[in-house]
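Reader: Could you take me through one part of this model in detail? I'd like a close look at the place where the two chains meet, and a bit of background on the partner that is in play there.

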Amino acid sequence: MTEDDIIARLKENVIQGRKNQDEEGIDEKLSGTPGVVELTRLALEKNISPEDIINKALTAGMTVVGDKYASKEYFIPDMLASAEAVGEAMEILKPILEAANVETKGKFAIATVQGDIHDIGKNIVAILLRGAGYEVYDLGSDVPTEKIIEFIKKEEPDYLGLSALLTTTMTEMEVVVKALKDNGLRDKVKVLIGGAAVSDEYAQHIGADAYCPDGFHAIKLLDSFQ
Amino acid sequence: LPREGILISNPYKRITDEQVRQIHRASLQILVDPGLICFSKKAAEIFQSHGAEVSAVADADHPCWHIKIPEKLVMEALDSAPKTVKLGARNPDNALIMKGDEPRVFFISGSETNIWLDVDFPTYVRKSDSSGEIQVPEFHPRRATVADLCQSAHVCEHLETLDGYIRTVNIQDEDITGDNKDVNKFFASLNNTTKHVMSGLTSLEQLDNVVRMAELIAGGEEALKENPIISFITCLVKSPLQFVEDTTDAFIEICQRGLPVVVSSSPQAGTTAPIKEAGIMAQINAEVLAGITLGQLVNKGTPMLYGSVPVRARMDTLSDSYGSVETSQYNIDCVQMAQFYKLPNYSTSGVCDAKIPGQQASIERLFSDIVVTLSGPQFLHCAYGLLDCNAVFCLLQAVLDDAHFQMLKFFLNTPKINQPELAETMKQIKEVVATPQKLYIRYIRQVMRSGEITPPYPFEGDGESDNVFALAYQRMNELLAKPVEHIDPETTADIFREIPGLLPRLNVYKEGK
């Protein structure tokens, strides 16, 4: 397989959303053939640069996926499968990128706030952001404010995503923002909020940086910060 | 392979088996006392020659006879009427096989409306803010033409859920007369759809021409019997209990040719039938049994559908109220009567009181479509596109109806719950609960593309906007732009050479077309 073949197949497998060889994807003919994980490893073995892997295969593939989503050929499950596959590839590339001092798009910490165990939306956003090239730290659901503050002090993420489904738990977001201020961390991290209960207005009200109605909006917004 | 339709696994029964038998017995009594009035001399003679009590009615404006049909004749007819009826099609894959004891539903268009409803979307500007514009659908009624009939057959050919085509509109072009209407309506329909075509007959004199046309298309007399690409609907008994002359005579001729025919009756509860359910049921069943008996006496084994178009009267105008809930009740009762006789049933749903597409039309149509379908009629005249009872046809509405029937068909899919299915999902459950994200999303994709998940409503607008009509209109135009398989040039030439009265403009192979 030539370098171009590997890149082309990697890109195609991103489009197909095939994380590894066990995944079915959409095209049945690909069943049993190497997926994104195997092809990323193969690309590194063949000394293809991480930049080419990212730009020519992973990002190029995700661009096609985005177009297909926009034209309603693809739906969210397809988008997530592709994002998850790219996320896996980024995990493989991470040590190499770090060794070469190549910066990622940024560190993103995400959590469902204390008192709220609903995490579907938060999980989907995490997968999409990982697929978009962000270094995502998922702190889980029902996360106490102290744990969030502790993590931010230690890992210094660029972004903090807070999720809440319930009107009864969304007020905890305000508590987190206040705790960030109290700990002198508010200027060091951009706070994005999301979830069925919250809105643009609420983001402004509690002093968050932005409200994201869904994961795609979050990616667009974060990319605009780059 | 014929069309599959949709098999109803547990048909809904409105009336009990005992109530079915009570209606049956009441109908048999009606056929003897008071019996029927018959305006067809031929029919009176046929009944008389087979032992029915026939007597001329004295002092009538038109010659007519009083007929009492004994139970024996009815039971013999029910015995000889085929329990399986095939309605063929130009494309044999579109044939419909209907078994009286199998509740497999086929969805059919209809009926013969005088009015065609055009649609356009003028733009309105808001008075308070001229930058605010909105497109509002407007509906314009006009007399239907043969070109409209071609268009509707064309679109119906492409409507996925539509299994057969009953001519939708009454063609009223200036050059259409009583003498050429039948050949032109059958040709316009047959040339634009490869599905089964059913229609009424305007003029008995045209029957041979229509049958000859069908023979030319099917490949000869025998081929037409094997694959009856056309069938007829007849309402030979006018309620209450009167054999009308012209339709009865046409019915007799159709039966003699052995082509499939619907024996239909359309009483209106409150005016031409009793307002109570028991009464209209006993009467409509008697009327249909009378027709079936006559048909089997004419030609034993003639393929027939037990046809029912009962309706309740509107209390404000005493016109038909197809949108009334009772109309669906009567139709379901009729389905059960046909099932009792093991005869394939022609039933009615979807016809509504609403005059234009909109919320009332959708609610009335969907209500009756769902409940009547669940009872399992074989040939459901669910009247794609029909509005204002039987008065108006709108192609846009037909496209909307197709989307509704896709939902209904999906709902009626056989449940896939079995051991392999459960074993596979148990594996998924174990896998997912072991992951940090605990999401089943990855398993959606294959299922999504295998057709096991319903797509979103096809005419859904963006955000809060309601663009249903605009999107359905767009779909309608896409379907009109899709080609249809016309009758081949050679056969078309033969038809135009042999069959008198065809309008030259219907020949798609004519030079310059």
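**Where chain A meets chain B**

Author: Sure, and keep in mind that this is a predicted model. The area buried between chain A and chain B is about 1,400 Å², and carbon and sulfur atoms give 48% of that area. As for who takes part, chain A brings 22 residues to the contact, while chain B brings ten residues.

Now for the polar side of things. There are four salt bridges between chain A and chain B. One of the salt bridges pairs the side chain of Asp78(A) with that of Arg449(B), at 2.8 Å from N to O. Polar contacts also turn up across the interface of chain A and chain B, with six residue pairs found, both residues being at pLDDT 80 or more. On the chain A side, helix H1 (3-16), helix H4 (76-99) and helix H5 (120-131) each give at least two residues to the surface that touches chain B. Sorted by type, the residues on that side of chain A come out as ten nonpolar, eight charged and four polar.

Stepping back to chain A itself, its secondary structure is made up of nine helices and five strands. Reading from the N terminus, the order is α-α-α-α-β-α-β-α-β-α-β-α-β-α. Chain A has a radius of gyration of 19 Å, close to the 17 Å from the globule rule for 226 residues, so it is as compact as a globular protein of that length. Along the principal axes, the C-alpha atoms of chain A fill a box of roughly 55 × 40 × 25 Å. Of the 226 residues in chain A, 49% count as buried.

Technical notes:
Residues are numbered from 1 along each chain as its sequence is written. Chains are lettered from A and ligands numbered from 1 in the order in which they are written. This is a predicted model: local features need pLDDT of at least 70, side-chain atom pairs count only at pLDDT 80 or more; totals for chains, interfaces and linings use all residues. Side-chain values use heavy atoms; hydrogens and water are left out. Contact means heavy atoms within 4.5 Å. Buried area is the accessible area (1.4 Å probe) that two parts lose on being put together, summed over both. A polar contact is a pair of N or O atoms within 3.5 Å; within protein, one must be able to donate a hydrogen and the other to accept it, and residues adjacent in sequence count only if both atoms are side-chain atoms. Helices (H or I, at least four residues) and strands (E, at least two) are DSSP runs, numbered from the N terminus. Ala, Val, Leu, Ile, Met, Phe, Trp, Tyr, Cys and Pro count as nonpolar, Asp, Glu, Lys and Arg as charged, and the others, Gly among them, as polar. The radius of gyration is taken over C-alpha atoms; the globule rule is 2.2 Å times the number of residues to the power 0.38. Buried means under 20% relative accessible area, exposed over 50%, partly exposed in between (1.4 Å probe, protein chains only).
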